[in-house]
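Here are my notes on this model, set out as numbered points. Please read them with the structure open.

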Amino acid sequence: MIDLHCHILPGIDDGAATMQSSLQIAREAVAAGVETIAATPHVRADYPTSAQTIERSVVATADAFKAHRIPLEIISGAEHDLHFLSSLGDGELARLGLGGNPRLLLLEFPYVGWPSALATTLADLRTRGLTVVLAHPERNAEVQAGPARLAPLVEAGTLVQLTAASIVGTLGASVRAAAFDLLDLQLAHLVAGDVHSAGSRVTRGELCAALGSEPLVEWLTQEVPAAALRSAALPERPQRRRRGSWSARRLFFRAN
């Protein structure tokens, strides 16, 4: 698996506090089936982390993985705040691209409210040749109430990333139902961990059990992330199960 959202760098944001914590997150990622992980610390007003700081920490963390014989590739990135983007110059923004791709950005969807500047910001980024991966919108109540609101953004080229814990139900029934809604509507493209600490990693097996489709899990966690990192066309989405089956799951999730 390729995990394009993880707060694994030590002492930079609200993720791993120490290198020991980073190493434990890495070990759990490998055990869960992850081979490549993107370090995506927050870049926002309360964590105005520079590209240089992230780059240096990625190198140091990679060296620590090697020293401890952890077979995990770590690549650079950042989780951008919608309102903080305007404070970053083009050069800095390019260095903060997801997986080292200057044309790919991970943008955090807020947990509360529908951001009024979202469509305008995404359109501006597209005109600058950037593709946005929208992080965990299923955790937002506005999206839970109307997941189809994301359709115009997806049709315009935005990619949507779900959190693995959302799919297996760790984050609650409403979040899980919204994740399945987005999958059912074909408005989700990637699944990532968004892991901040040890003990919260979802395994590939757990995802397969929750989704009932190994090909879909492969598409969400390997094929699409790999294509996005190369700025390549997305592979064909695997055949999904019949709508009735997904609908029955959604009714169950919302009732429990």
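1. The lining of the largest cavity comes first. By class it has eight nonpolar, two polar and two charged residues. The model is a predicted one, and that applies to every point below.

2. Which residues line the largest cavity? The lining is made up of Met-1, Ile-2, Asp-3, Val-34, Ala-164, Val-191, Ala-192, Gly-193, Arg-201, Val-202, Leu-207 and Thr-221. Two elements, β1 (2–6) and β10 (190–192), give two or more residues to that lining. The volume of the largest cavity is about 80 Å³. In total, the structure has three cavities of 30 Å³ or more.

3. The largest pocket has a volume of about 180 Å³. It is lined by 14 residues, and those closest to its centre are Ala-165, Leu-171, Gly-193, Asp-194 and Ser-200. The class split of this lining is five nonpolar, six polar and three charged. Gly-193 deserves a look, as it also appears in the lining of the largest cavity.

4. Asp-194 is one of the residues closest to the centre of the largest pocket. It sits in the loop between β10 and α9 (204–211). Is Asp-194 buried or exposed? Its relative accessibility is 8%, so it counts as buried, the cut-off being under 20%. Its phi is near 50°, a positive value in a residue other than glycine. Please check the backbone here.

5. Thr-163 belongs to strand β9 (residues 159–163). It is buried, at a relative accessible area of 2%. Leaving aside residues up to four places away in sequence, Thr-163 touches His-136, Glu-138, Arg-139, Leu-171, Val-191, Ala-192, Gly-193 and Asp-194. Among these contacts, Leu-171, Gly-193 and Asp-194 are also listed as closest to the centre of the largest pocket. Val-191, Ala-192 and Gly-193 are in the lining of the largest cavity.

6. Gln-161 is also placed in strand β9. With 2% relative accessibility, Gln-161 counts as buried. Beyond residues up to four places away in sequence, it touches His-5, Leu-106, Val-133, Leu-134, Ala-135, His-136, Pro-137, Glu-138, Leu-190 and Ala-192. Gln-161 and Leu-107 are 54 residues apart along the chain, and their C-alpha atoms are separated by 9.8 Å.

7. Next, helix α2 (residues 51–67). Does its length come out longer than, shorter than or in agreement with the expected span? At 1.5 Å a residue, its 17 residues should span 24 Å, and the end C-alpha atoms are 24 Å apart, which agrees.

8. Which residues of α2 are buried? They are Ala-51, Ile-54, Ser-57, Val-58, Thr-61, Ala-64 and Phe-65. Their arc around the axis is only 145°, so they lie on the same side of α2. These buried residues pack against α1 (19–32), β2 (36–39), β3 (42–44), β5 (73–75) and α3 (90–95). On the face turned away from the buried side, α2 carries the exposed residues Arg-56, Lys-66 and Ala-67.

9. Arg-69 follows α2. It lies in the loop between α2 and β5. Its phi is near 55°, which is positive in a residue other than glycine. What is the relative accessible area of Arg-69? The value is 78%, so Arg-69 is exposed. Asp-194 also has a positive phi, but Asp-194 counts as buried. I would discuss the two residues side by side.

10. Ser-87 is in the loop between β6 (79–80) and α3. It is partly exposed, with a relative accessible area of 47%. How far apart in space are Ser-87 and Pro-48? They are 9.9 Å apart, C-alpha to C-alpha, and 39 residues apart in sequence.

11. Arg-128 is in the loop between α4 (118–127) and β8 (131–135). Its relative accessible area is 38%, so Arg-128 is partly exposed. It touches Asp-90 and Leu-93, residues up to four places away in sequence not being counted. The C-alpha atoms of Arg-128 and Arg-103 are separated by 8.8 Å, with their positions 25 residues apart along the chain.

How values were computed
Residues are numbered from 1 along each chain as its sequence is written. This is a predicted model: local features need pLDDT of at least 70, side-chain atom pairs count only at pLDDT 80 or more; totals for chains, interfaces and linings use all residues. Side-chain values use heavy atoms; hydrogens and water are left out. Helices (H or I, at least four residues) and strands (E, at least two) are DSSP runs, numbered from the N terminus. The expected span of a helix is 1.5 Å times one less than its number of residues. Buried means under 20% relative accessible area, exposed over 50%, partly exposed in between (1.4 Å probe, protein chains only). The arc is that of the directions from the helix axis to the C-beta atoms. Contact means heavy atoms within 4.5 Å. On a 1 Å grid over the protein atoms alone, a cavity is a set of points where a 1.4 Å probe fits but cannot get out, and a pocket is an open set with protein on both sides within 12 Å along at least five of seven lines; lining residues have an atom within 4 Å of a point. Grid points are joined across faces, edges and corners, and a volume is the space filled by probe spheres set on the points. Ala, Val, Leu, Ile, Met, Phe, Trp, Tyr, Cys and Pro count as nonpolar, Asp, Glu, Lys and Arg as charged, and the others, Gly among them, as polar.
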